[in-house]
Amino acid sequence: GGTGPHLVHLTTDPKRDRPERLKAWAARFGAYPEWTLLTGAPADLRDVARRLGQAVDEERPDRHTTLLIGGNAAARRWARIRPDMPPEAAGLQLADLASAPAVADARLCPA
């Protein structure tokens with residue numbers, strides 16, 4: 001048995017989005033233990049965003065595209081989900097990811 005979905009939100013404005021500010025922003029939407037909001041050193045966040053295929057303009061953090069990546073860590077499967085697709089299509093894509101079989105031994109998977 002697996003766990004339910006987990007949402008990770010990566011800020012594009014770490015200079016302003018300190019933990020207290022992110023907590024206050026998230027509180028407007030309710031309490032969700034499966035939702036993690038990340039901030040940190042700008043260089044670290046740029047590196048994470050770059051690895052996910054997202055460019056961040058430090059001078060204009062509001063100029064970014066919405067990037068959604070769905071994944072099944074146990075199956076080592078990940079996919080970009082277009083944020084403008086109909087919810088039903090996104091649901092089907094997520095269901096496909098969720099139903100992927102787990103990888104038996106992570107050491108056998110290429111990095």
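**Aromatic rings, overall fold and the loop after strand 3**

Me: How many aromatic pairs does the count come to?
Reply: This is a predicted model, in which local features need pLDDT of at least 70, side-chain atom pairs count only at pLDDT 80 or more, and totals for chains, interfaces and linings use all residues. Residues are numbered from 1 along each chain as its sequence is written, and side-chain values use heavy atoms, with hydrogens and water left out. Rings of Phe, Tyr and Trp (its six-membered ring) pair if their centres lie within 6.5 Å; planes under 30 degrees apart count as stacked, over 60 as edge-to-face and the rest as tilted. By this rule, the number of aromatic pairs is four.

Me: Which kind of pair do the rings of W25 and F29 make?
Reply: The ring centres of W25 and F29 are 5.0 Å apart. Their planes stand at 65 degrees, so the pair is edge-to-face.

Me: Which residues form one aromatic cluster?
Reply: W25 and F29 have ring centres 5.0 Å apart. Both belong to one aromatic cluster, whose members are W25, F29, Y32 and W35.

Me: Are W25 and F29 buried or exposed, or in between?
Reply: Buried means under 20% relative accessible area and exposed over 50%, with partly exposed in between (1.4 Å probe, protein chains only). W25 has a relative accessibility of 30% and therefore counts as partly exposed. F29, at 41%, likewise counts as partly exposed.

Me: What pattern does the protein follow along the sequence?
Reply: Helices (H or I, at least four residues) and strands (E, at least two) are DSSP runs, numbered from the N terminus. The protein has three helices and four strands. Read along the sequence, they give the pattern β-α-β-α-β-β-α.

Me: What percentage of the residues of the protein count as buried?
Reply: The C-alpha atoms fill a box of roughly 40 × 30 × 25 Å along the principal axes. Of the 111 residues, the share that count as buried is 17%.

Me: What percentage of the contacts with a separation of 6 or more comes from residues 24 or more positions apart?
Reply: A contact means heavy atoms within 4.5 Å. Among contacts in the protein with a separation of 6 or more, residues 24 or more positions apart account for 49%.

Me: How far apart do the centres of the positive and negative side chains lie?
Reply: Lys and Arg count as positive and Asp and Glu as negative, while His and the chain ends are not counted. The place of a charge is taken as NZ of Lys, CZ of Arg, CG of Asp or CD of Glu. The protein has 16 positive and 14 negative side chains, and the centres of the two sets are separated by 2 Å.

Me: Which backbone atoms does the side chain of N72 reach?
Reply: N72 lies in strand 3 and is buried, because its relative accessible area is 13%. A polar contact is a pair of N or O atoms within 3.5 Å; within protein, one must be able to donate a hydrogen and the other to accept it, and residues adjacent in sequence count only if both atoms are side-chain atoms. The N72 side chain reaches two such partners: at 3.1 Å, the backbone nitrogen of A75, and at 3.5 Å, the backbone oxygen of A100.

Me: Which residues is N72 in contact with, leaving aside its neighbours within four places in sequence?
Reply: One polar partner of the N72 side chain is the backbone oxygen of A100. A100 also appears in the contact list of N72, which comprises R77, L97, A98 and A100.

Me: Which backbone oxygen does the side chain of R76 reach?
Reply: R76 sits in the loop between strand 3 (68–72) and strand 4 (77–81), and its phi is near 60 degrees, a positive value in a residue other than glycine. At 45% relative accessibility, R76 counts as partly exposed. A73 is found in the loop between strand 3 and strand 4 and, at 43%, counts as partly exposed. At 3.0 Å, the R76 side chain reaches the backbone oxygen of A73.

Me: What distance separates the C-alpha atoms of R76 and V103?
Reply: R76 and V103 are 27 residues apart along the chain. Their C-alpha atoms are separated by 7.0 Å.
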